[in-house]
Amino acid sequence: MQQSVVLKASNDGYDLIFRQAASFDEIMVDLKALLTRMQVDNTTEKQISFDMSTEGRLLTADQTKQVTQLVNRYPLFSIHKLTADVIVTADALAMIDRNTVHLVNQIIRNGQVIAVTGDVLFFGKIHEGGILRATGSIFVMGEVAGALEAGYPDHNDAVIVSDLATVPRVRVGELLELVDLEKIVTGTNVVYINDIQVLDYQPLNQLKRVRPKLFTRNGGHL
């Protein structure tokens, strides 16, 4: 009979694989037997850390707790990580949102806050008192007389790419400031948090230099 828990040696310790076809009760029985046997055979008192994989099975919070509690009964053993080859639908959709450039073409009026998960390519118009807020970066092709907030609330690697001549306030990650016309460059600016953790302004042709990962992630070339 095939065991529901498979032990494999790795460079960093041991991998434990829970067979997807087995029931959770079978896995718990076999896991307990395996850990007991390993504890008896471990004559060196050496600590062993497991990387556990549930393959195509997604454990519930209660099942994860049961596995953790079982391993904790054995002083020499610990769990380094517990992973699955699948994720819940809501998490998958959120991941897609975070890594998608969303096209926004609308009017944001005084008092309105439009919040977007991920990066934004903005073609619309922001009136004074309106706010465009994104968890990722903001790239502006439209008209802006309101505030731009990228990397909200604390993603400090985000950028704002926009003409700032009519923008009163910008925010990147946790840093917010009023736009100082003496700081900005003529035309399109790149607003980002620099190495000394302050907001900085550079011309568009410096975007790849200040945020090279942006091009790697989106497959862009400059």
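This is a tour of selected places in a predicted model, taken one selection at a time.

**Stop one: the helix pair**

Select residues 24-41, which form helix α1, together with residues 61-72, which form helix α2. The two helices pack at an angle of about 15°, and their axes are 10 Å apart. Angles under 35 degrees count as roughly parallel, so α1 is roughly parallel to α2. The crossing of α1 past α2 is right-handed.

Now show side chains at the contact. On α1, select Phe24, Met28, Leu31, Lys32 and Leu35. On α2, select Gln63, Gln66, Val67, Leu70 and Val71. By class, the residues of this contact are 7 nonpolar, 2 polar and 1 charged.

**Stop two: Glu55**

Move to the loop between β3 (48-53) and α2, and select Glu55. Phi of this residue is near 55°, a positive value in a residue other than glycine. Glu55 is partly exposed, with a relative accessible area of 22%.

**Stop three: Gln106**

Select Gln106 in the loop between β5 (101-104) and β6 (107-108). Its relative accessible area is 35%, and Gln106 therefore counts as partly exposed. Leaving aside neighbours within four places in sequence, Gln106 is in contact with Ile114, Phe122, Gly124 and Lys125. For a long distance to draw, add Leu82: Gln106 and Leu82 are 24 residues apart in sequence and 43 Å apart in space, C-alpha to C-alpha.

**Stop four: Glu149 on strand β13**

Select Glu149, which is found in strand β13. Is this residue buried or exposed? At 3% relative accessibility, Glu149 counts as buried, the cut-off for buried being under 20%. Its side chain makes a polar contact of 3.3 Å with the side chain of Arg169.

Expand the selection to the surroundings of Glu149. Not counting residues up to four places away in sequence, Glu149 touches Ile131, Leu132, Arg133, Ala134 and Ile138, as well as Arg169, Arg171 and Leu176.

**Stop five: the cis bond at Pro153**

Follow the chain from β13 (147-150) into the loop that leads to β14 (160-163), where Pro153 is placed. The peptide bond to select runs from Tyr152 to Pro153; this bond is cis, with omega near 5°. Keep Pro153 displayed for the next stop, where its backbone oxygen is paired with the side chain of Arg171.

**Stop six: Arg171 on strand β15**

Arg171 is in strand β15, residues 169-172. With a relative accessible area of 17%, Arg171 is buried. Which backbone oxygens does its side chain meet? The backbone oxygen of Pro153 lies 3.1 Å from a polar atom of the Arg171 side chain. The backbone oxygen of Gly173 lies 2.8 Å from a polar atom of that side chain.

Add Ala150 to the selection: Arg171 and Ala150 are 21 residues apart in sequence and 6.1 Å apart in space, C-alpha to C-alpha. With neighbours within four places in sequence left aside, the contacts of Arg171 are Leu148, Glu149, Ala150, Tyr152, Pro153, Ile160 and Leu176. Glu149 from stop four is among them, and so are both residues of the cis bond, Tyr152 and Pro153.

**Stop seven: Asn189 on strand β17**

Select Asn189 in strand β17. Asn189 is buried, with a relative accessible area of 0%. Its side chain reaches the backbone nitrogen of Val185 at 2.9 Å. Beyond four places in sequence, Asn189 touches Ile160, Val161, Ser162, Asp163, Leu164, Ile184, Tyr201 and Gln202.

**Stop eight: Gln197 and Asp200**

Select the loop between β17 (188-193) and β18 (199-203), and pick out Gln197. Gln197 has a positive phi of about 60° although it is not a glycine. At a relative accessible area of 47%, Gln197 is partly exposed.

Continue into strand β18 and select Asp200. Asp200 is partly exposed, with a relative accessible area of 21%. Asp200 and Val190 are 10 residues apart in sequence and 8.0 Å apart in space, C-alpha to C-alpha. Apart from residues up to four places away in sequence, Asp200 touches Val190, Val191, Tyr192 and Asn194.

Conventions:
Residues are numbered from 1 along each chain as its sequence is written. This is a predicted model: local features need pLDDT of at least 70, side-chain atom pairs count only at pLDDT 80 or more; totals for chains, interfaces and linings use all residues. Side-chain values use heavy atoms; hydrogens and water are left out. Axes are lines fitted to C-alpha atoms, for helices over the stretch in contact, and angles run from 0 to 180 degrees between N-to-C directions. Helices (H or I, at least four residues) and strands (E, at least two) are DSSP runs, numbered from the N terminus. Angles under 35 degrees count as roughly parallel, over 145 as roughly antiparallel, 65 to 115 as roughly perpendicular and the rest as oblique. A crossing is left-handed if the near helix is turned anticlockwise from the far one by less than a right angle, and right-handed if clockwise. Contact means heavy atoms within 4.5 Å. Ala, Val, Leu, Ile, Met, Phe, Trp, Tyr, Cys and Pro count as nonpolar, Asp, Glu, Lys and Arg as charged, and the others, Gly among them, as polar. Buried means under 20% relative accessible area, exposed over 50%, partly exposed in between (1.4 Å probe, protein chains only). A polar contact is a pair of N or O atoms within 3.5 Å; within protein, one must be able to donate a hydrogen and the other to accept it, and residues adjacent in sequence count only if both atoms are side-chain atoms.
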